[in-house]
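Student: Could we go through how the inside of this model is packed, and where space is left? Please keep to short questions and answers.

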Amino acid sequence: MAGSGGLAGGAGGSQATAGGPGAALRASRAPLLFAALVLGAYCLCSLPGRCPSAGRVPAPAPARAEPPRASRSPGAPGLPVASGSGQRRFPQALIVGVKKGGTRALLEFLRLHPDIRALGSEPHFFDRCYERGLSWYRSLMPRTLDGQITLEKTPSYFVTREAPRRIHSMSPATKLIVVVRNPVTRAISDYAQTLSKTPGLPSFGALAFRRGLGPVDTAWSAVRIGLYAQHLDNWLRYFPLSRFLFVSGERLVSDPAGELGRVQDFLGLKRVVTDKHFYFNATKGFPCLKKAQGSGRPRCLGKSKGRPHPRVPEAVVQRLRAFYRPFNRKFYQMTGQDFGWD
């Protein structure tokens, strides 16, 4: 900022001769106003989102035993849902985190399993929409037959302080799946997503460190999400470790069938989704489905998945690695898994 102000001051000095002190003042303020607008837009993007309107939550698919018939959900006026045989149940399992860890890929892979019925959208019930009530939440769920599992995914649950208590109130038997990824890589991916929506952001390093050179800024959500041990501490107040499965976001890319096997075992399901369902897409840099649900054609995730990361100086990366190292080691101890990030 100081550099920008100095340049603006020089330009303002030349204009003052031609246009008077008013022109100089306006010119000196222009960079400051631009910076304020960019930071304001970034702050808006970083704020917790609102509860999605009913029309923005796509209808869940019906149970496979019967074709869908259009109906309306009594708990969410105007929201079309599918009906068929079976019942709408509360989810027996939730993918609760983490953002930019690989949760969308995991959900799409699991939807290949005939005994999993998953809501495709993120309902954000336990963080943003809790006041709508459990009846509304259940009305969003797909119908399931006996033996099928209802699943939903909202990765912001893991970092929402109230979520564990609220989920426990719904059912203390809920199974919780957390996809985790190297917190430094995850933070850069998070920044890349925000940058794609808000061009002109300050650099990654300027946001990750206070005043650009000071300590790591844990108030920035891209950094704070990666403090997995702290978030897990909150969850363990309500759920025992046995209710959790921690999925490696890195292995979900390098060995998707292996990680899917662990998830199917955790859910008490037969290992139906195997290596025959995947192929590696070299262009995107991650596995894709040979046959997507409801289609005989191969399918990869959307364009927003696998977007290139901005270049971050190695010194910034190393500082963040050093910052996260003790938190990572505590997380390894808590989960009994070494994710190999250090």
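Student: Which residues does Ile167 touch, not counting residues up to four places away in sequence?
Tutor: This is a predicted model, where local features need pLDDT of at least 70, side-chain atom pairs count only at pLDDT 80 or more, and totals for chains, interfaces and linings use all residues. Residues are numbered from 1 along each chain as its sequence is written, and side-chain values use heavy atoms, with hydrogens and water left out. Contact means heavy atoms within 4.5 Å. On that basis, the partners of Ile167 are Leu94, Val96, Phe126, Tyr157, Thr174, Leu176, Trp235 and Phe239.

Student: Which element gives the most to the largest nonpolar core?
Tutor: A nonpolar core is a set of buried (under 20% relative accessible area, 1.4 Å probe, protein chains only) Ala, Val, Leu, Ile, Met, Phe, Trp, Tyr and Cys residues joined through side-chain atoms within 4.5 Å. The largest has 33 residues, and Ile167 is among the five that touch the most other members. Helices (H or I, at least four residues) and strands (E, at least two) are DSSP runs, numbered from the N terminus. With 4 residues, the top contributor to this core is α8.

Student: How many residues are in the second, separate core?
Tutor: Its members include Ala93, Leu252, Leu260 and Phe278. In soluble globular proteins, nonpolar side chains tend to be buried together. The count for this second core is 28 residues.

Note on methods:
Buried < 20%, exposed > 50% of the residue type's maximum accessible area, 1.4 Å probe, protein only.
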